[in-house]
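Q: I want to go through the labels on this one and ask what earns each of them. Here it is, so let's start.

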Amino acid sequence: ANFAREADPAHMGTPLQLARSPRMDRPRDELDQMVDAFNDMGQRIGRDIEKRKLMERQLRDSNADLKEHSRNLERANRRIQRQTRQLEQYEKIVSASGELISMLDRDYRYRVVNDTYLAYHGRQRSEIEGASVTDLMGADVFKSIRIKLDQCLAGKGVNYQGIFSFR
């Protein structure tokens, strides 16, 4: 009866022992088997409790990591929203410009052209954006201006004028 009253997780490692004098000459009886079963059960429960504590610690750590990732994503999202607003402002400025403006990527493909550029060349945006310089102007023109394009893509200032027409 005391075992049941004293059973708590803190004592799971303490085995139950019968308060009777051990006799070597007697065989193990049902009471001995019950004590062994209780002790085995106590050890299993103790292991289960330790596993649960470990999983709870891991869950707390994971939750903390998720909260940190969430904060990082929120900061990144605010930064992207700010950059998007800036790009929209730049797009308005570029579109309103009377100068012919185009932007190429590192694969020499047109990514952006302004309305003045489209009007000058008499083309639709879908005809130019996504196309390569070679597609629009031919391999000979591309070869003649590639060095200038590479300098621009490397971030160098380039002053260059030339008249080219689309094919």
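Q: Why is the contact between K53 and E50 called a salt bridge?
A: A salt bridge needs a side-chain nitrogen of Lys or Arg within 4 Å of a carboxyl oxygen of Asp or Glu. The N-to-O distance from K53 to E50 is 3.9 Å, so the pair makes the cut. Both residues sit in helix α2, three residues apart, about one turn of the helix. Bear in mind that this is a predicted model, where local features need pLDDT of at least 70, side-chain atom pairs count only at pLDDT 80 or more, and totals for chains, interfaces and linings use all residues. Numbering runs from 1 along each chain as its sequence is written, and side-chain values use heavy atoms, with hydrogens and water left out.

Q: What makes K53 "partly exposed", and how about E50?
A: Buried means under 20% relative accessible area, exposed means over 50%, and partly exposed is what lies in between (1.4 Å probe, protein chains only). K53 has 41% and E50 has 47%, so both land in the middle class.

Q: How do you know that D105 and R111 form a salt bridge?
A: Their closest N and O atoms are 2.7 Å apart, which is within the limit, so the label holds. D105 is buried, since its relative accessible area is 17%, whereas R111 comes to 38% and counts as partly exposed.

Q: What makes D150 and R146 a salt bridge?
A: The closest N and O atoms of D150 and R146 are 3.6 Å apart, so this pair passes as well. Both belong to helix α6 (residues 139–153), four residues apart, about one turn of the helix. With relative accessible areas of 32% for D150 and 39% for R146, each is partly exposed. The structure holds nine salt bridges, and E68, R71 and R75 are linked in a network of them.

Q: Why do L31, M34, F38, M41 and I45 count as a nonpolar patch?
A: Patch members need over 30% relative accessible area and no salt bridge; nonpolar side chains (Val, Leu, Ile, Met, Phe, Trp, Tyr) are joined within 5 Å, like charges within 9 Å. F38, in helix α2, has 31%, so F38 clears the area cut-off. Together the five residues offer about 400 Å² of accessible area.

Q: Which residues make up the patch of positive charge?
A: R78, R79, R82 and R85 gather there on the surface. Lys and Arg count as positive, so these arginines qualify by charge. R85, found in helix α2 (residues 30–96), has 46% relative accessibility, so R85 is over the area cut-off.

Q: How do you know that β1 and β2 pair?
A: Two strands pair if DSSP finds at least two bridges between them. Strands β1 (residues 102–104) and β2 (residues 110–113) have three, in the antiparallel sense, so the condition is met. L104 has Y110 in β2 as its bridge partner. Five residues lie between the strands of this hairpin, where Y108 takes a positive phi near 60 degrees.

Q: What does the chain come to overall, in helices and strands?
A: Six helices and two strands, in the order α-α-β-β-α-α-α-α. These are DSSP runs: H or I of at least four residues for helices, E of at least two for strands, numbered from the N terminus. Of the 167 residues, 17% count as buried.

Terms used:
Areas by Shrake-Rupley, 256 points an atom, 1.4 Å probe, with all protein chains shown as cover. Charge placed at Lys NZ, Arg CZ, Asp CG, Glu CD.
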